[in-house]
Amino acid sequence: MTQDELKQAVAKAAADYVNRTVADGAIIGVGTGSTANYFIDELAKGASRFKGAVASSEATAKRLAGHGIPVLDLNDVTDLPVYVDGADEVTPGLHMVKGGGGALTREKIVAAVAQTFVCIADGSKLVTTLGKFPLPVEVIPMARAQVARELAQLGGTPRLREGFVTDNGNVILDVHGLTITDPVALESRINQIVGVVTNGLFACRGANLLLLGTADGVQQLEARV
Ligand code: 5RP
């Protein structure tokens with residue numbers, strides 16, 4: 001199976017999970033990226049029983065609306081039973097690096113509201129240690145150089161994502177060369193740097209369930225409690 005076929009398989013498994021577990025009239029949180037796009041396409045097949053969705057990016061909002069799925073403002077939503085999103089890297093403990101598509105801040109906000117975070121990924125995303133994929137950090141533009149110096153002190157090599165502006169009007173520094181042995185601590189540490197909006201470590205609040213696309217089928221991994 002190709003990587004795209006594996007992404008489609010996990011997207012379908014996620015739509016089945018949502019249809020099985022989420023009540024009629026609920027609102028669904030939807031992530032960003034190619035795997036999330038496949039999920040939106042699957043969700044659209046049975047979406048009418050849901051009230052609508054909260055999007056983690058402008059691109060996702062556009063795709064949802066294109067399928068006729070109502071897009072709701074998170075400020076008008078108190079109950080979000082599930083958030084479904086992809087990842088750039090995920091560990092067996094369900095810590096993730098996200099933000100390859102630059103939507104990390106809104107993704108983290110929507111995930112924070114959701115009761116259950118379902119990560120959908122093809123098998124290539126499963127790693128024992130995070131950091132081979134450069135860690136995205138969203139930064140207020142005037143703080144870019146200072147934040148880059150501080151990230152370098154933490155042992156990484158930050159590189160500006162050229163020509164890219166986030167949905168929030170900020171820039172992304174992609175931090176190369178990190179070996180992330182304590183993702184919870186590093187997530188908190190980077191978020192304390194003045195000028196950082198957030199970073200792409202999803203460890204303080206990781207996923208609750210991983211649907212992983214492999215040649216042997218979709219595997220399910222649950223977070224240990
Ligand atoms: C976007 C993300 C995506 O979930 C991540 O980049 C994975 O993308 P894809 O499903 O295209 O491999 O965090 O900000």
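# Notebook: two sheets and a few residues

I opened with Val 30, which I found in strand β1 (residues 27-30). A reminder to myself before going on: this is a predicted model.

**Val 30 and its surroundings**

Is Val 30 buried or exposed? I looked up its relative accessible area and got 0%, so I noted Val 30 as buried. Next I listed its contacts, leaving aside neighbours within four places in sequence. Val 30 touches Phe 39, Ile 40 and Leu 43, then Ala 53, Val 54, Ala 55 and Ser 56. Thr 60, Leu 64, Tyr 83 and Val 84 are also on its contact list. I took the C-alpha distance to one of these partners as well: Val 30 and Leu 43 are 9.9 Å apart in space, with their places 13 residues apart in sequence.

**The six-stranded sheet**

Which sheet does β1 belong to? I traced the order β2-β1-β3-β6-β12-β13, an open sheet of six strands with mixed pairing. At its edges I found β2 (52-55) and β13 (217-222), each pairing on one side only. I also looked up the twist: neighbouring strands here are turned by 25 degrees against each other on average, direction ignored.

I then went through some of the pairings. Strand β3 (residues 80-85) runs parallel to β6, and five bridges join them. Which residue of β6 is the bridge partner of Asp 85? I found Cys 119 there. On to the β6 and β12 pair, which is parallel too, over five bridges. In that pair, Asp 122 stands opposite Gly 213 of β12. The sense changes with β12 (residues 209-214) and β13, which I noted as antiparallel over six bridges. There Leu 212 faces Gln 219 in β13.

Since β6 kept coming up, I checked its burial. I counted eight of the nine residues of β6 (residues 114-122) as buried, so this strand is largely enclosed by the rest of the structure.

**Asp 4, back to the chain start**

I picked Asp 4 because Gly 213 had just appeared in my notes, and the C-alpha atoms of the two are separated by 9.9 Å while lying 209 residues apart along the chain. Asp 4 is found in helix α1 (residues 3-21). Its relative accessible area is 39%, so I wrote it down as partly exposed.

**The four-stranded sheet**

The second open sheet I traced has four strands in the order β8-β9-β7-β10, with antiparallel pairing. The edge strands are β8 (157-160) and β10, and each of them pairs on one side only. From one strand to the next, the twist averages 30 degrees.

How many bridges join β7 to β9? I found five, between β7 (residues 135-139) and β9 (residues 171-176), with the strands running antiparallel. Within this pair, Val 137 has Leu 173 of β9 as its bridge partner.

Which helices pack on this sheet? Helix α5 (residues 144-153) does, touching β7, β8, β9 and β10, and its direction makes about 15 degrees with that of β9. Helix α6 (residues 183-191) packs on the sheet as well, where it touches β7 and β10. The direction of α6 makes about 165 degrees with that of β10.

**Ala 145 and Val 197**

I stayed with α5 for a moment to look at Ala 145, which is found in that helix. Its relative accessible area of 39% puts Ala 145 in the partly exposed class. I also took a distance from here: Ala 145 and Leu 160 are 15 residues apart in sequence and 9.6 Å apart in space, C-alpha to C-alpha.

From the edge strand β10 (residues 196-199) I chose Val 197. Is this residue buried, partly exposed or exposed? With a relative accessible area of 33%, Val 197 is partly exposed. I then found that Val 197 forms a nonpolar surface patch with Ile 140 and Met 142. Together the three have about 310 Å² of accessible area.

**One backbone oddity**

My last entry is Leu 94, in the loop between β4 (89-90) and β5 (96-97). Leu 94 is not a glycine, yet I read a positive phi of about 70 degrees for it. Buried or exposed? Leu 94 is buried, with a relative accessible area of 0%.

Conventions:
Residues numbered from 1 in each chain as written. Predicted model: local features only at pLDDT ≥ 70, side-chain atom pairs only at ≥ 80, totals over all residues. Heavy atoms only, no water. Patch = residues over 30% accessible without salt bridge, like charges linked within 9 Å, V, L, I, M, F, W, Y side chains within 5 Å. Areas by Shrake-Rupley, 256 points an atom, 1.4 Å probe, with all protein chains shown as cover. Salt bridge = Lys/Arg side-chain N within 4 Å of Asp/Glu carboxyl O. Helix = DSSP H or I, 4+ residues; strand = E, 2+ residues; numbered from the N terminus. Buried < 20%, exposed > 50% of the residue type's maximum accessible area, 1.4 Å probe, protein only. Pairing = 2+ DSSP bridges. Axes fitted to C-alpha atoms, helices over the stretch in contact; angles between N-to-C directions. Contact = heavy atoms within 4.5 Å.
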